[in-house]
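Me: I'd like to go through this protein with you, one question at a time. Could you show me the sequence and structure to start?

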Amino acid sequence: TITLFVQGTDANLDFSPASYRQDPQIVTSYLDPLVDIDKVTMEPLPWLAEKWDWSDGNQTVTFSLRGDVKWQDGRAFTADDVAFSFTVYRDDVDSAVRNFFTTMDSVEVVDSRTIKVNLTAPDGNWILNASSLPIFSKRQYGDFWDNQADGERSLTRFDWGKNSPIG
């Protein structure tokens, strides 16, 4: 359980992992990325993803996810969470990182532990940028997201006071 004391107005009580309106240390204190970045070499390291493979002329990356990860509510971490997170990062109207996803054409759930990302062009920064962002729970935010109109979706209006983050 993480207990945060934040003082202020509703405008600064936005804990959306896509908007980055809070210090990134808050989000990264309870969410992890597919890949970590070595602080010395800047090489990507397996984290929630055990491995990744490029294909289709470096326009498709397939991630194999760890099978031993659970959310704090006890549910399994799955490829659905990754697909949802990537879609939100790209499509959330308040996303501060949408530019990392401009080459993402689609994201496919192959099975519960495999995710395939199809790019419109090779993107040498995909692993270092998009794949190093925190992944969040589709179960927590999915219904809220789906009940908004395309082109207007955002996690910014999620009720953080009534729904504690799941990490």
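Here is a friendly round of questions and replies about the sheet, the core and the charged pairs.

Me: Before we begin, what kind of model is this?
Reply: Residues are numbered from 1 along each chain as its sequence is written, and side-chain values use heavy atoms, with hydrogens and water left out. Local features need pLDDT of at least 70, side-chain atom pairs count only at pLDDT 80 or more, and totals for chains, interfaces and linings use all residues, since this model is predicted.

Me: What is the strand order in the open sheet of four strands?
Reply: Helices (H or I, at least four residues) and strands (E, at least two) are DSSP runs, numbered from the N terminus. Two strands pair if DSSP finds at least two bridges between them. The pairing in this sheet is antiparallel, and the order is β3-β4-β6-β5.

Me: Which strands stand at the edges, and why is one side of each left without a neighbour?
Reply: The twist of the sheet averages 20° from one strand to the next. Each edge strand has a single partner strand, so one of its sides has no neighbour in the sheet; these strands are β3 and β5 (104–111).

Me: How many bridges join β3 to β4?
Reply: β3 covers residues 49–55 and β4 covers residues 60–65, and the two run antiparallel. Along this pair, Trp-52 stands opposite Phe-63, Trp-54 has Val-61 as its bridge partner, and Ser-55 faces Thr-60. The number of bridges joining the two strands is six.

Me: Which residue in the turn of the β3 and β4 hairpin has a positive phi?
Reply: The hairpin leaves four residues between its two strands. The positive phi in the turn is about 55°, and it belongs to Asp-56.

Me: In β6, which residue is the bridge partner of Phe-63?
Reply: β4 pairs with β6 in the antiparallel sense, over five bridges. Phe-63 also stands opposite Trp-52 of the hairpin. Its bridge partner in β6 is Ile-115.

Me: How many of the residues of β4 are buried, and which way do they point?
Reply: In a regular strand the side chains alternate between the two faces of the sheet. Thr-60, Thr-62 and Ser-64 point one way from β4, while Val-61, Phe-63 and Leu-65 point the other way. Buried means under 20% relative accessible area, exposed over 50%, and partly exposed in between (1.4 Å probe, protein chains only). The strand is mostly covered, and the buried count is six of six.

Me: At what angle to β5 does helix α2 run?
Reply: Helix α2 (residues 79–91) lies across β4, β5 and β6 (114–119). Axes are lines fitted to C-alpha atoms, for helices over the stretch in contact (heavy atoms within 4.5 Å). Angles run from 0 to 180 degrees between N-to-C directions. For α2 and β5 the angle is about 170°.

Me: Which element gives the most to the largest nonpolar core?
Reply: A nonpolar core is a set of buried Ala, Val, Leu, Ile, Met, Phe, Trp, Tyr and Cys residues joined through side-chain atoms within 4.5 Å. The largest one has 43 residues, and those with the most contacts inside it include Phe-63, Phe-86 and Trp-126. At least two residues each come from α1, β1 (35–37), β3, β4, α2, β6 and α3. With seven residues, the element that gives the most is α2.

Me: How many residues apart in sequence are the parts that Arg-21 and Asp-94 tie together?
Reply: The two side chains meet in a salt bridge at 3.6 Å, N to O; a salt bridge is a side-chain nitrogen of Lys or Arg within 4 Å of a carboxyl oxygen of Asp or Glu. Arg-21 lies in the segment before α1 (24–28) and Asp-94 in the loop between α2 and β5, so the parts they tie together are separated in sequence by 73 residues.

Me: Is Lys-162 buried or exposed?
Reply: Lys-162 meets Asp-159 in a salt bridge of 4.0 Å, N to O. Asp-159 is partly exposed at 33% relative accessibility. At 71% relative accessibility, Lys-162 counts as exposed.

Me: With which side chain does Gln-148 make a polar contact?
Reply: Gln-148 lies in the segment after α3 (138–146), and at 13% relative accessibility Gln-148 counts as buried. A polar contact is a pair of N or O atoms within 3.5 Å; within protein, one must be able to donate a hydrogen and the other to accept it, and residues adjacent in sequence count only if both atoms are side-chain atoms. The contact here is 2.6 Å, and the partner is Arg-157.
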